Amino acid sequence: YETIVREDYPLVTLIKSYSKAEYVHAIKVATIAKKCAAEIGCNEMAATAAGFYYRLGILEGEPVIENGMRLAAENCFPPMLIQILSEYNGEERLPSSKESAIVHMVDACVKRIEFLNSQNLSSSWNQDMIIYQTLNELSATGIYDESGVSMNQFLKIRELLVREEMGYDSNH
């Protein structure tokens, strides 16, 4: 896992050259996912790598999930990472591991906050409430039921996300 998230790894370089915004998003999700994994005692490096590469498929467009999995397989990514990429957004498969659920939660919150920032609405919303609303809505759908994340772990992750300043750090 360490090798594929190094700054000089070819896919990292590709993402950086594809889009600065996408690279910043990937770094943000990876960094926060690692903290969440540490918080609940699961695989920090898997969560970090999955957080970084979660949107890998967008480099080649539709079908995003298949393209992400293909790029991951071509680069000999670990099976767990490919599995998490196959569960992107819970579109085709629900998160099946704690690491996958973490990456999904973090990506969903970061996406929503980045969107609000892009609309210049940052003064009119409260990050804590956005995180609570986003995670509660997702959890209520049952999307994390197969991931093995307990209610206690979910709450720990949610509180960690509330403590993070994910919307204001655009020059990571």
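Where does Glu91 lie? In this predicted model, Glu91 is placed in the loop between α5 (79-86) and α6 (98-118). The residue has a relative accessible area of 52% and is classed as exposed because this value is over 50%. Glu91 also belongs to a patch of negative charge on the surface, in which it gathers with Glu62, Glu66 and Glu92.

Helix α5, which precedes the loop of Glu91, contributes buried residues to the structure. Leu81, Ile84, Leu85 and Ser86 are buried in this helix. The packing partners of the buried residues of α5 are the helices α3, α4 and α6.

The loop between α3 (44-53) and α4 (64-74) contains Arg55. Arg55 has a relative accessible area of 16%, and it therefore counts as buried, the limit being under 20%. Beyond its neighbours within four places in sequence, Arg55 is in contact with Glu22, His25, Tyr88, Asp107 and Lys111.

Charge pairing was examined next. Side chains of opposite charge can pair when their charged atoms come close. The structure holds 10 salt bridges, among them the pairs described here. Asp8 and Arg6 form a salt bridge in which the closest N and O atoms are 2.7 Å apart. Of these two partners, Asp8 is exposed at a relative accessible area of 52%, whereas Arg6 is partly exposed at 45%.

A further salt bridge joins Glu74 to Arg70, with 3.0 Å between the closest N and O atoms. Both residues belong to helix α4, and because they are 4 residues apart, about one helical turn separates them. Arg70 is partly exposed, its relative accessibility being 31%. The pair does not stand alone, as Glu60, Arg70 and Glu74 are linked in a network of salt bridges.

The side chains of Arg158 and Glu159 likewise meet in a salt bridge, with an N to O distance of 3.9 Å. Arg158 is buried, at 14% relative accessibility, while Glu159 is partly exposed, at 31%.

Two further positions were considered, in helix α7 and in the loop that follows this helix. Ser139 lies in α7 and is partly exposed, with a relative accessible area of 27%; this value falls between the limits of 20% and 50%, so the residue is assigned to the intermediate class. Outside its neighbours within four places in sequence, Ser139 is in contact with Tyr144 and Phe154. Ser139 and Phe154 are 15 residues apart in sequence, and their C-alpha atoms are 8.9 Å apart in space.

Gly148 is found in the loop between α7 (127-140) and α8 (151-163). Gly148 is partly exposed, at a relative accessible area of 47%. When residues up to four places away in sequence are not counted, Gly148 touches Lys98 and Gln153. The C-alpha atoms of Gly148 and Ala101 are separated by 8.7 Å, although these residues are 47 residues apart along the chain.

Conventions. Residues are numbered from 1 along each chain as its sequence is written. This is a predicted model: local features need pLDDT of at least 70, side-chain atom pairs count only at pLDDT 80 or more; totals for chains, interfaces and linings use all residues. Side-chain values use heavy atoms; hydrogens and water are left out. Helices (H or I, at least four residues) and strands (E, at least two) are DSSP runs, numbered from the N terminus. Buried means under 20% relative accessible area, exposed over 50%, partly exposed in between (1.4 Å probe, protein chains only). Contact means heavy atoms within 4.5 Å. A salt bridge is a side-chain nitrogen of Lys or Arg within 4 Å of a carboxyl oxygen of Asp or Glu. Patches are made of residues with over 30% relative accessible area and no salt bridge: like charges are joined within 9 Å, nonpolar side chains (Val, Leu, Ile, Met, Phe, Trp, Tyr) within 5 Å. Accessible areas come from the Shrake-Rupley method with a 1.4 Å probe; for residues, only the protein chains shown count as cover. Lys and Arg count as positive and Asp and Glu as negative; His and the chain ends are not counted. The place of a charge is taken as NZ of Lys, CZ of Arg, CG of Asp or CD of Glu.
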